[in-house]
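User: I want to go through this one before I set anything up. Here it is.
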Amino acid sequence: EKEKARRPRINLSALGIYPGATLVFSRDESITATVIRGNRVEYNGQEMSLSAAALDTLHRLGYKTPTASGSEHWMFDGELLDERRRRMEAEQFDANERGEE
């Protein structure tokens, strides 16, 4: 939990996710959002943050949670955004350790 609290906001472009990309909700893959710019998505015709879109979706699905982390609920190419970030950070760390750029 402490690690999550210190982690900066997710940067979609750093993860290879650009405007026009479709994100899929992990608990119901028929629910999607489209990346607009930065870390903003279009969801149900509205522009919002990943977390706001995740929270709205969870509420629509009947969950009562007061907060939601967008990166833990939205997926790209079958991978949760949080998992993608951790994988890519690990790959970058490994490349740096080997002296690659």
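Analyst: One term to begin with: helices and strands here are DSSP runs, of at least four residues for a helix and at least two for a strand, numbered from the N terminus. Under that definition, Ile-36 is found in strand S2. Note also that this is a predicted model.

User: Ile-36, then. Is it buried, partly exposed or exposed?

Analyst: Partly exposed: buried needs a relative accessible area under 20% and exposed needs over 50%, and Ile-36 has 28%.

User: What does Ile-36 touch, beyond residues up to four places away in sequence?

Analyst: Pro-19, Val-41, Glu-42 and Glu-47. As for Met-48, 12 residues along the chain from Ile-36, the two C-alpha atoms are 9.3 Å apart.

User: And from the side of Val-41, which residues are in contact, leaving aside neighbours within four places?

Analyst: The list includes Ile-36, along with Leu-23, Ala-33, Thr-34 and Val-35. It also takes in Gln-46, Glu-47, Met-48, Ser-49, Leu-50 and Ala-53.

User: Back up a bit. How many helices and strands are in the chain?

Analyst: Three helices and six strands. Read from the N terminus, the order of elements is α-β-β-β-β-α-β-β-α.

User: In what order do the strands sit in the sheet?

Analyst: S4-S3-S2-S1-S5-S6, as an open sheet with antiparallel pairing. S4 (46-49) and S6 (79-80) are at the edges with a single partner strand each, so each has one side without a neighbour in the sheet.

User: How many bridges join S3 to S4?

Analyst: Four, and the two strands run antiparallel. Within that pairing, Arg-40 has Ser-49 in S4 as its bridge partner.

User: What about S1 and S2, how many bridges there?

Analyst: Also antiparallel, over four bridges, with S2 covering residues 28-37. The connection from S1 to S2 is a hairpin of two residues. S1 pairs with S5 (residues 74-76) as well, antiparallel over two bridges.

User: Which residues does Val-24 face in those two pairings?

Analyst: In S2 the bridge partner of Val-24 is Thr-32. In S5, Met-75 stands opposite Val-24.

User: Which side chains of S1 are buried and which are not?

Analyst: They alternate along residues 22-25. Leu-23 and Phe-25 point to one face and are buried, whereas Thr-22 and Val-24 point to the other and are not.

User: Now the interior. How many residues are in the largest nonpolar core?

Analyst: It has 22, and those with the most contacts inside it are Ile-17, Leu-23, Val-41, Leu-50, Trp-74 and Leu-81. S1, S2, S3 (40-43), H2 (50-60) and S5 each supply at least two residues of this core. The largest share comes from H2, with five residues. In soluble globular proteins, nonpolar side chains tend to be buried together.

User: Which strands does H2 lie across?

Analyst: S1, S2, S3, S4 and S5, and H2 runs at about 105° to S4.

User: How many aromatic pairs turn up in the whole structure?

Analyst: Two. The rings of Phe-25 and Trp-74 have centres 5.1 Å apart and planes at 70°, so that pair is edge-to-face. Phe-25 is in S1 and Trp-74 is in S5, so the pair ties together parts 49 residues apart in sequence.

User: How exposed or buried are those two?

Analyst: Both are buried: Phe-25 has a relative accessible area of 0%, and Trp-74 also comes out at 0%. The other pair is Tyr-43 with Trp-74, with ring centres 6.0 Å apart and planes at 70°, so it is edge-to-face too. That one links Tyr-43 in S3 with Trp-74 in S5, 31 residues apart. Tyr-43 is buried, as is Trp-74. Together, Phe-25, Tyr-43 and Trp-74 form one aromatic cluster.

User: Last thing, box dimensions. What do the C-alpha atoms fill?

Analyst: Roughly 50 × 30 × 20 Å, along the principal axes. The chain has 101 residues, 34% of which count as buried. It exposes about 6,600 Å², with carbon and sulfur atoms supplying 46% of that.

User: What share of the contacts with a separation of 6 or more is between residues 24 or more positions apart?

Analyst: 44%.

Notes:
Residues are numbered from 1 along each chain as its sequence is written. This is a predicted model: local features need pLDDT of at least 70, side-chain atom pairs count only at pLDDT 80 or more; totals for chains, interfaces and linings use all residues. Side-chain values use heavy atoms; hydrogens and water are left out. Buried means under 20% relative accessible area, exposed over 50%, partly exposed in between (1.4 Å probe, protein chains only). Two strands pair if DSSP finds at least two bridges between them. Contact means heavy atoms within 4.5 Å. A nonpolar core is a set of buried Ala, Val, Leu, Ile, Met, Phe, Trp, Tyr and Cys residues joined through side-chain atoms within 4.5 Å. Axes are lines fitted to C-alpha atoms, for helices over the stretch in contact, and angles run from 0 to 180 degrees between N-to-C directions. Accessible areas come from the Shrake-Rupley method with a 1.4 Å probe; for residues, only the protein chains shown count as cover. Rings of Phe, Tyr and Trp (its six-membered ring) pair if their centres lie within 6.5 Å; planes under 30 degrees apart count as stacked, over 60 as edge-to-face and the rest as tilted.
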